Amino acid sequence: MRYKLTFVVGLALGFVIGTRAGRERYEQMKKSAREISQNPAVRNAAESAAQTGRQVAGKAFHAVSDKVGDRIPASVTDRIHTLRHNNGQVTEDEWGVTNT
């Protein structure tokens, strides 16, 4: 109960502070976030992290597929092969999910 109360008090405090800051502060934070996301160093770090994630996922795929082998359903293996042949770039799949 104490944690719920602490959460509700924090939520209320954040709401009050946020409403006092108003739209101007919101626009200022939005502009700062946009500038940070467009910074070349941040973009390079994000791309590096994504590349590392893809490499680790590839290694994990091989490790799991060696151990699991033929126990994976054909629908899953077909999906994995499709992703691998498209270099992980999927615009929209058969489930209507986009990769954007």
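pLDDT is the predictor's confidence in each residue, from 0 to 100. Keep that in mind, since this is a predicted model.

**Exercise 1. Find which helix has the highest mean pLDDT and which has the lowest.**

Start with the inventory: the protein chain has 3 helices and 0 strands, running α-α-α from the N terminus. Next, look at the chain as a whole, where the mean pLDDT is 78 and 80% of the residues reach 70 or more. Now rank the elements: helix 2 (residues 40–68) comes out highest with a mean of 87, while helix 3 (residues 74–85) sits lowest at 76. A word of caution to finish: where pLDDT is low, don't read the predicted coordinates in detail.

**Exercise 2. Check the span of helix 2 against 1.5 Å a residue.**

Count first: helix 2 has 29 residues. The expected span is 1.5 Å times one less than that number, so you should get 42 Å. The end C-alpha atoms are 41 Å apart, which agrees. While you're at the N-terminal end of helix 2, look at its cap: N39 puts a side-chain oxygen 2.9 Å from the backbone nitrogen of A41.

**Exercise 3. Track down the salt bridge and say how exposed its partners are.**

There's 1 salt bridge in the structure. It pairs R54 with E47, and the closest N and O atoms are 2.9 Å apart. For exposure, use the cut-offs: buried is under 20% relative accessible area, exposed is over 50%, and partly exposed is in between. R54 has 44%, so it counts as partly exposed. E47 has 46%, so it is partly exposed too.

**Exercise 4. Describe the surface of the chain and locate its nonpolar patch.**

Begin with the totals: the accessible surface of the protein chain is about 9000 Å², with 59% belonging to carbon and sulfur atoms. Of the 100 residues, buried ones make up 3%. Then pick out the patch: F7, V8 and L11 form it, with about 330 Å² of accessible area together. Take V8 as one of its members: V8 lies in helix 1 (residues 2–37), and its relative accessibility is 49%, so V8 counts as partly exposed.

How values were computed. Residues are numbered from 1 along each chain as its sequence is written. Side-chain values use heavy atoms; hydrogens and water are left out. Helices (H or I, at least four residues) and strands (E, at least two) are DSSP runs, numbered from the N terminus. Buried means under 20% relative accessible area, exposed over 50%, partly exposed in between (1.4 Å probe, protein chains only). Accessible areas come from the Shrake-Rupley method with a 1.4 Å probe; for residues, only the protein chains shown count as cover. A salt bridge is a side-chain nitrogen of Lys or Arg within 4 Å of a carboxyl oxygen of Asp or Glu. Patches are made of residues with over 30% relative accessible area and no salt bridge: like charges are joined within 9 Å, nonpolar side chains (Val, Leu, Ile, Met, Phe, Trp, Tyr) within 5 Å. A polar contact is a pair of N or O atoms within 3.5 Å; within protein, one must be able to donate a hydrogen and the other to accept it, and residues adjacent in sequence count only if both atoms are side-chain atoms.
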